[in-house]
Each structure stands twice: as structure tokens, then as C-alpha cells.
Amino acid sequence: MVLKNVALTILLFMIMRLNATHIVGGEMTYKYLGNDNYRLRLDLFMDCLNGSQAAIDQDITAFFSIFSGDTKRYITQYTVQRTGPTRLQKVFYNCLEKSPNACADAYVYEVDVSLPDRKGGYYVSFQRCCRNRTITNLFNAGATGSNNWTKIPEVSLLSDKKHNTSAVFKELPPNFICTNTFLDFDHSATDADGDSLVYELFNPYLGGNNFSNTRPSNRFEFERPDFTKVTFKAPYSAAVPVLGNPNMSIDYKTGRLTVNPNVTGQFVVGILVKEIRDGVVIGITRRDYQFNIQNCEFNLVASYFNPQEICNYKYEFINRSEGATKYKWDFGIPNRTDDTSIINSPTFTYPDSGSYEIQLIAINDDCTDTIREIIEVVKPVKPVIPSDTFFCEGKSVTLNIPQDSQTYLWSDGQISQTASFDKPGRYTAAILYKSCKWFDTIDIIEDKPNLQIAGDTFYCSYDDFVRELYAVDSNSYNSILWSTGSTKKSITTNEIGEYVANSLSLLNCPSSDTAFIIQYPEIILPQLDTIVCPYISVQFDSEIIDGDVTWTTSGGTSTGRMYTTSSPSKINLKVVRGVCKKDKDFTFENYPFEFGLGEDLRYCETIDTVLQITDTRFSKIIWNKEISGRVFPLKQPGRVVVRLLNQYNCPEADSLNVNLFFNPALNLRSDTTVCLSNNPLLDGGPNMKSYSWSTGETSRTISAMKEGLYWVRILSQEGCFTQDSVYITKDPDLYPNMAYMPNAFSPNGNGINEVYPDNKFYDVGVLYSVKLYNRWGEKVADYNTTEANWDGTINGRPAPEGAYVYQITYIGCDNELYRKAGTFHLLR
């Protein structure tokens with residue numbers, strides 16, 4: 001057995017709480033009973049497999065709200081008891097391998113009410129929330145309720161003034177639908193009043209909410225007309241609520257609901273029937289219904305590709321049945337028995353156009369499945385357009401499809417019966433009828449004659465010429481005519497001017513070209529040699545208005561009629577006019593600078609002089625921007641700036657710095673008397689540029705070796721000098737020449753005779769030496785200055801009392817050497 005997995009549409013109702021997730025659809029109808037009495041009826045479909053029993057029990061009553069058809073205001077409401085249920089058990093598929101685990105019950109709520117005729121009639125509504133959250137084709141489905149409503153028309157507005165009874169659908173909705181299996185469901189209705197009926201898919205309505213108003217039950221909770229519609233999620237819509245091949249649709253006249261779904265999920269669909277009386281819609285019955293699409297298993301499925309339209313009489317039918325071993329085709333031609341076939345995918349030729357019902361019966365040992373579909377055979381209408389054609393460059397050609405049709409399509413997008421083309425190429429014309437297209441093709445050629453005159457010539461003023469002009473075309477041409485009257489391929493001329501040639505191609509398309517013989521006038525260049533003051537910018541004018549001008553210097557090139565520069569140089573001016581050219585050299589110079597103040601000036605201690613310009617070549621002299629004239633009194637240091645005009649009337653400027661420095665400080669000392677043994681050091685001071693001593697020496701310091709007058713002249717780094725002198729007297733008896741050496745001392749801490757020798761001898765700074773020894777000849781002290789004395793300790797410890805030996809050597813003030821030795825005692 002062949003098995004097939006296809007999608008199953010089940011009435012799947014998920015119960016989250018006591019919202020209307022147990023409700024999968026509903027419809028509101030009415031029946032006129034006479035004497036302004038109506039029987040209102042609500043058919044409500046509930047999930048008896050997955051639906052919440054508590055929610056089903058809660059809906060044992062329903063609240064019908066009545067609104068004015070004119071003002072849309074609330075009038076009254078009815079609490080209605082239900083009857084039922086009736087189980088939806090009918091299967092709309094043959095050869096189903098296994099019935100799906102699905103269950104749906106239909107409950108009926110009926111109430112008889114009195115509704116006297118009134119303006120606008122009445123709205124009757126039942127509102128309940130909420131739908132399943134898993135619905136595929138609605139936006140925010142979990143918060144979306146349902147509203148099953150109808151409108152009872154105003155009797156006085158009806159053409160026959162008779163009360164209306166609403167149309168009623170014949171069949172309960174399908175319990176399930178399978179994907180990839182064609183469903184043809186009779187969704188037609190009956191009408192007790194004999195009104196005409198037409199069918200549409202519509203956008204279902206909202207009712208209640210998923211918060212505090214899940215089951216509206218009073219005038220404050222009911223939504224008033226106009227009622228709110230649900231929102232479909234793209235790509236779904238009210239017109240296409242289920243996708244498939246084909247999508248779900250309903251026949252406008254017959255009410256047959258067809259679909260071959262190719263997606264799974266839960267889907268909300270709105271289906272309505274309109275009652276038409278004397279050409280006016282007087283009533284609408286709406287069924288709001290939910291489908292669930294899942295996989296089914298079949299052991300046999302009859303199916304074939306339905307083209308909807310057959311665009312030629314002959315057509316090959318593509319059999320898509322599964323699980324079948326035999327086939328019976330009936331191609332739907334009335335009163336014929338030879339329009340059948342038993343082969344898999346037959347080819348059949350129809351005798352004429354029209355609508356035909358195709359029947360395919362698929363058979364195997366266990367089951368038979370039948371599919372019936374309507375196709376339309378369309379009479380071929382092939383467009384016939386003219387043979388290949390042409391148009392001249394810059395023009396267009398107009399083509400016409402002689403066959404009449406409602407829709408035309410040219411390959412460039414034009415959609416009229418007549419089309420114009422201004423571009424060459426291959427074009428296709430099509431006649432369209434529904435899905436059918438018939439074609440014809442044409443090649444359009446653009447004739448592009450390309451006449452060109454070889455010989456455009458430009459002559460310079462210094463040239464003589466004779467010129468031959470040729471007319472040539474990459475394509476052949478029939479004839480040619482020159483503006484001179486010549487009909488030859490070429491002409492010869494020695495005159496300047498405009499020459500035009502006109503031709504006709506082999507297809508009589510015109511072409512023309514123009515040649516010019518031009519003699520340029522002589523190029524005249526101006527005299528531009530120039531000398532100016534330095535830094536002056538000069539703009540040179542070539543006086544050329546109809547040529548290419550180039551200025552060239554050592555620094556580069558520039559183009560254009562004008563050239564501006566401030567840099568002296570040799571300049572080449574070149575002009576090109578067509579094929580003619582001319583160039584000329586000229587110089588751009590500056591007058592020389594002639595003025596200079598000289599080097600910076602230096603002064604010591606004071607400034608009192610004048611600066612003067614005696615050269616008569618200079619005029620309009622300004623010193624430091626404030627003093628005019630040739631003489632400038634100079635009293636202070638600083639910067640002196642002079643601006644003036646030279647003999648060429650060019651401005652010049654120069655400056656110098658005037659520096660004032662102080663004489664260096666110098667003090668050799670006062671006249672003084674020193675020992676004969678002392679040679680005092682005389683210092684001329686640091687960082688001088690030069691030193692000149694009276695002794696002839698040039699060093700910074702000298703020693704006064706002799707008695708007499710000493711002087712020095714010093715010169716600073718800035719060029720300023722100072723001189724000073726001193727008289728040195730040498731006296732051999734200025735200080736005693738004998739050094740006193742005591743015979744004892746007592747370092748006992750009483751402050752008297754604490755050190756040795758403490759002789760207060762004047763040290764002339766030449767030679768002084770004292771050495772002290774103990775009785776064993778060990779040296780205990782050794783001093784070279786009179787400031788140093790022995791404190792009676794040896795290595796930090798008190799020396800023993802007793803006799804000690806001294807030796808003293810020194811040079812006295814008289815410059816003589818003295819030596820002396822003796823003993824002294826250390827007492828404590």
C-alpha cells in the first residue's frame with residue numbers, strides 16, 4: 001500500500017484558561033416568524049478533544065446583544081440557553097489511511113424575540129474572547145476574540161417590503177483538511193426567500209479581550225458597531241487566509257471552497273454569503289471558522305496539475321496521483337463518450353474553447369478517489385505583426401497588433417495595441433488572456449548613415465593652401481550633394497569657409513556633415529619687459545583671447561591669458577591657436593637694494609652722538625617711524641630702524657642695534673705695607689677680554705715681588721675698560737722676627753695654658769713648622785700654622801706629665817730663615 005504524508009486541518013483548540021480557546025468558530029442567523037418576531041440562532045463550534053470542559057460548561061448560556069441599525073446604540077440583550085451538541089463527523093477525503101485524532105461539536109443557541117421594524121434595522125452580536133495563541137495567520141492571536149454577528153434589514157427599505165430570513169449554510173464545516181491534497185468543499189447556502197446568493201471570503205471580527213472582559217455580558221462590556229476586525233499577519237490576508245497551490249478561495253457563484261494547502265498551522269478564515277434581492281444586497285451571513293493544518297496519511301490520492309486555462313486546444317495532463325494502479329479520465333465534453341482515457345498522463349485535443357469539468361478517478365485494489373476540477377480552454381489568438389522593419393536614426397517606427405484583445409504586452413513593457421520604438425533590437429508582442437500568452441517577434445533595425453567629410457583644415461596666417469575634401473560613409477549611400485552644388489565624392493578648394501555634404505542612404509535615410517577650412521589670424525604678442533621695485537607683484541597680460549597661452553619660467557609653467565608674479569626671472573610667453581603657435585622671451589627684473597646702516601654700535605657708560613645719512617640718492621627718510629630727516633640724535637641704547645626711498649623711488653629699510661655697556665668694576669686694594677717676606681697677589685677680576693699690568697704681564701693675577709707702585713688696565717668682553725693702582729711698601733720689622741716658645745703648659749681644663757706652644761707668632765705665610773717629641777724621641781705633634789697647637793693628648797688620650805722636646809723652623813718678617821729647639825714640661 002502506498003502511504004502519503006500530507007497536512008491535516010484539525011479543529012485544534014488549546015485551553016489556557018476560561019477564555020474562548022475552546023471555541024473554533026461560529027455564525028449568527030435569523031428566521032422571520034411573523035408579527036415582527038424573529039428566531040435568532042447562534043451556531044457555535046467547540047473543541048471536544050482539547051477544549052476545557054469548564055469553559056465549555058461556562059458557555060451553556062450565551063449573551064446576545066441587540067443594537068440599533070441606525071444609531072448603533074445598545075438596545076437590549078438576551079441570555080440564551082444552548083442545545084446539542086452535534087458532532088462534526090463527516091470526512092471529506094476518500095482513501096484516508098487513518099482518521100486524525102480530532103473532535104468538534106456544534107452547539108445551537110436559539111431565542112425568539114420581537115423586533116419591530118425600525119430605521120436601519122438591527123445588529124445582533126455574540127462576542128467572546130479568546131482565540132488560540134498558536135494561530136498562524138493572525139497578529140497577537142492570544143489577545144484576539146471573536147464576534148459572530150448579523151444585521152436584520154429595515155423592512156420598509158426592501159423592494160418587496162417583506163421581512164427577510166437570513167441565508168443558511170448547507171454543510172457543517174470540515175472537521176479537518178489535509179495539505180498537498182486538493183479539497184473541494186461545498187460551502188453554498190440556501191435562502192428561504194429565494195434571494196440570489198453570492199459568496200466571498202471576509203475579514204473576521206474581534207470580540208471581548210483577554211483581560212477583564214473575556215465574556216462580555218452587559219451593555220458596558222459589549223463592543224458597539226462598527227465592529228473591529230482582526231489583524232492578519234503577512235503574507236496572509238482576508239482574501240488569502242491559507243496559502244497553497246492553489247491558495248484558498250471560494251467561487252463567487254457556487255460557493256465551492258477550494259484549497260490545496262502547502263503549509264501547516266492553525267488558520268482563521270471568514271466565509272460569507274450575500275443575499276441579493278432586486279439587485280440590492282439585503283443581508284449577509286458570516287461564518288468565522290478556524291482550521292488546523294497537519295500531516296495525513298492516505299493510501300490513495302487522485303491529483304493532477306490543474307492549469308486553470310489551456311492556451312491551445314491540445315494539452316498534456318500531468319498526473320500527480322499517488323497510490324493508484326489504474327486511472328479513468330473524463331475530459332468533460334458534453335454528449336461525447338470518446339473524451340476519456342485510461343493512461344497515466346494523457347494528451348487531449350479539445351474541439352473548441354470553453355469551460356470543461358475534468359474528472360480523474362484513481363483506483364487501486366482497496367480504494368477509489370475522484371477529483372473534479374474546472375478548466376477553461378482558451379481560443380489561441382496569436383498576434384501577427386509586420387515583417388522585420390527599420391527606422392532612420394533619430395526617428396521611430398510604430399507597430400500595431402491587428403488582433404483585438406483586452407491585454408497586450410510588448411517586450412519593452414508597452415501595454416497598448418499600438419507601440420512606438422526608437423531603439424533597434426528584437427521585440428516580442430504578446431496577447432494576454434488570463435494566464436495565456438501568444439507571441440510574435442520582429443527585428444527592428446536602425447539605419448544609421450554616418451557621412452563624414454575628411455579634410456577639416458586649419459591654416460596659419462603664414463601658410464598657403466589648396467585642400468581636397470572627401471565625403472565618406474561606413475555604409476553605402478545612394479546620392480550626395482555638396483553645398484557648392486557638386487555631386488561628386490570629393491571637392492577641391494583654396495578658399496576658407498564652411499562646406500556641407502548631404503547624402504541619402506540605401507534605405508533613404510538622410511545624413512550630413514560639415515567641414516570647415518579656417519585660416520587663423522596672425523598672433524601678435526605684446527612687449528612685456530619690466531623692471532619694478534622688489535616684492536612688487538606684477539600682472540602680465542598676453543592680450544590673447546582666442547588661443548592657449550602658456551607662461552614658462554625657471555620655476556614652472558602657468559596657463560591662461562593673465563600671469564601674476566613677484567619673482568624676477570626670464571619669462572617665455574607661448575601662444576597656440578589651433579595649429580598655429582608663436583612665442584617670445586622677456587625679462588622681469590627688480591631695482592637693486594642700495595642702502596645699509598652698517599654694523600651694530602657699542603657704547604660704554606654713556607651715549608651722546610648722532611647718526612647721519614649724507615648720500616643724496618636717498619629721500620623721505622624716517623627714523624624709528626617718528627623722526628624724519630637725514631640726522632638722528634642718539635642718546636639711548638636700542639634698535640634703530642630707518643625707512644626711506646632710493647633713487648628708483650623704491651622703499652628700502654635697514655636697522656642696527658645700539659648697545660650700552662658699563663665699565664667693568666676693579667679694586668686692586670688700598671696702598672699697603674707688608675713684610676719683606678710677603679709677596680701679595682694682585683687680581684684684575686674675572687672674565688675680562690684683556691689685562692695690561694704695569695709690570696708688562698697680561699694675566700689676570702700677578703705677585704708684588706718688590707716694593708713700589710702697581711697698576712692694571714682691564715678690557716671687558718663688551719669693549720669697555722677700567723684702570724686701578726696700588727702702592728706696596730715692604731718693611732722687614734713690621735712684625736717680631738723671634739717666635740716665643742713657653743717652657744711648660746698645663747692641659748688640666750682650667751682654661752689657662754691649655755695648649756702648646758700658643759705663641760701668637762705672626763705667620764708671614766712663607767714657612768712655619770713645629771714638631772713635638774716625647775723623651776723617647778717619638779713625635780707627638782706636627783703643625784704648619786700658628787693656629788695649630790697641641791692639647792696634651794696622644795691618640796685621644798692624655799699624655800703623661802714630664803719633659804718634651806720642641807723643634808721650630810720659620811721665615812720671619814725680615815725674610816730670614818730661623819731654626820730653634822728646646823724642652824718644655826707638661827704639667828697637670
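This presentation covers the salt bridges and disulfides of one structure. The model under discussion is predicted.

I begin with the salt bridges, of which the count comes to 26. Allow me to take three pairs and one network in turn.

In one of these pairs, the side chains of Arg287 and Glu27 meet, with N and O 2.5 Å apart. Arg287 belongs to strand β17, residues 280-294, and Glu27 to strand β2, residues 23-34, so that the pair links distant parts of the chain, 260 residues apart. Are these two residues buried or exposed? Both Arg287 and Glu27 are buried.

A second pair is Glu200 with Lys274, a salt bridge at 2.9 Å from N to O. This pair also links distant parts of the chain: Glu200 is in strand β13, residues 196-202, Lys274 is in strand β16, residues 265-277, and their positions lie 74 residues apart in the numbering. Glu200 has a relative accessible area of 27% and is therefore partly exposed.

The third pair is Arg561 and Asp541, whose closest N and O atoms are 2.8 Å apart. What does this salt bridge tie together? Arg561 lies in the loop between β42 (556-559) and β43 (562-565), whereas Asp541 lies in strand β40, residues 538-541, so the pair ties together parts that are 20 residues apart in sequence. Why is Arg561 classed as partly exposed? Its relative accessible area is 36%, and the class runs from 20% to 50%. Asp541, at 22% relative accessibility, also counts as partly exposed.

Beyond these pairs, I would draw your attention to a network of salt bridges. Which residues does it link? They are Asp160, Asp193, Asp195 and Arg277.

I turn now to the disulfides. A search of the whole structure finds nine, and I shall describe three of them, including their handedness and surroundings.

Cys48 is joined to Cys103, with an S to S distance of 1.7 Å. The link of Cys48 and Cys103 is left-handed, with -105 degrees about the S-S bond. Cys48 sits in the loop between β3 (37-47) and α1 (53-58), and Cys103 in the loop between β5 (74-87) and β6 (104-114), so this disulfide ties together parts that are 55 residues apart in sequence. The two ends may be set side by side: Cys48 is partly exposed, with a relative accessible area of 25%, while Cys103 is buried, with a relative accessible area of 12%.

The next disulfide is formed by Cys392 and Cys509, their sulfur atoms 1.8 Å apart. Why is it described as left-handed? The reason is that the torsion about its S-S bond is about -80 degrees. Here too the pair links distant parts of the chain, with Cys392 in strand β26, residues 389-392, and Cys509 in the loop between β37 (497-505) and β38 (510-519), 117 residues apart. Cys392 and Cys509 are both buried.

The remaining example joins Cys604 to Cys720, with an S to S distance of 1.7 Å. The link of Cys604 and Cys720 is left-handed, with -100 degrees about the S-S bond. Because Cys604 lies in strand β46, residues 601-604, and Cys720 in the loop between β57 (708-715) and β58 (721-731), the pair ties together parts that are 116 residues apart in sequence. Cys604 is partly exposed, at a relative accessible area of 27%, whereas Cys720 counts as buried, at 0% relative accessibility.

That concludes the presentation.

Note on methods
Residues are numbered from 1 along each chain as its sequence is written. This is a predicted model: local features need pLDDT of at least 70, side-chain atom pairs count only at pLDDT 80 or more; totals for chains, interfaces and linings use all residues. Side-chain values use heavy atoms; hydrogens and water are left out. A salt bridge is a side-chain nitrogen of Lys or Arg within 4 Å of a carboxyl oxygen of Asp or Glu. Helices (H or I, at least four residues) and strands (E, at least two) are DSSP runs, numbered from the N terminus. Buried means under 20% relative accessible area, exposed over 50%, partly exposed in between (1.4 Å probe, protein chains only). A disulfide is a pair of cysteine sulfur atoms within 2.5 Å.
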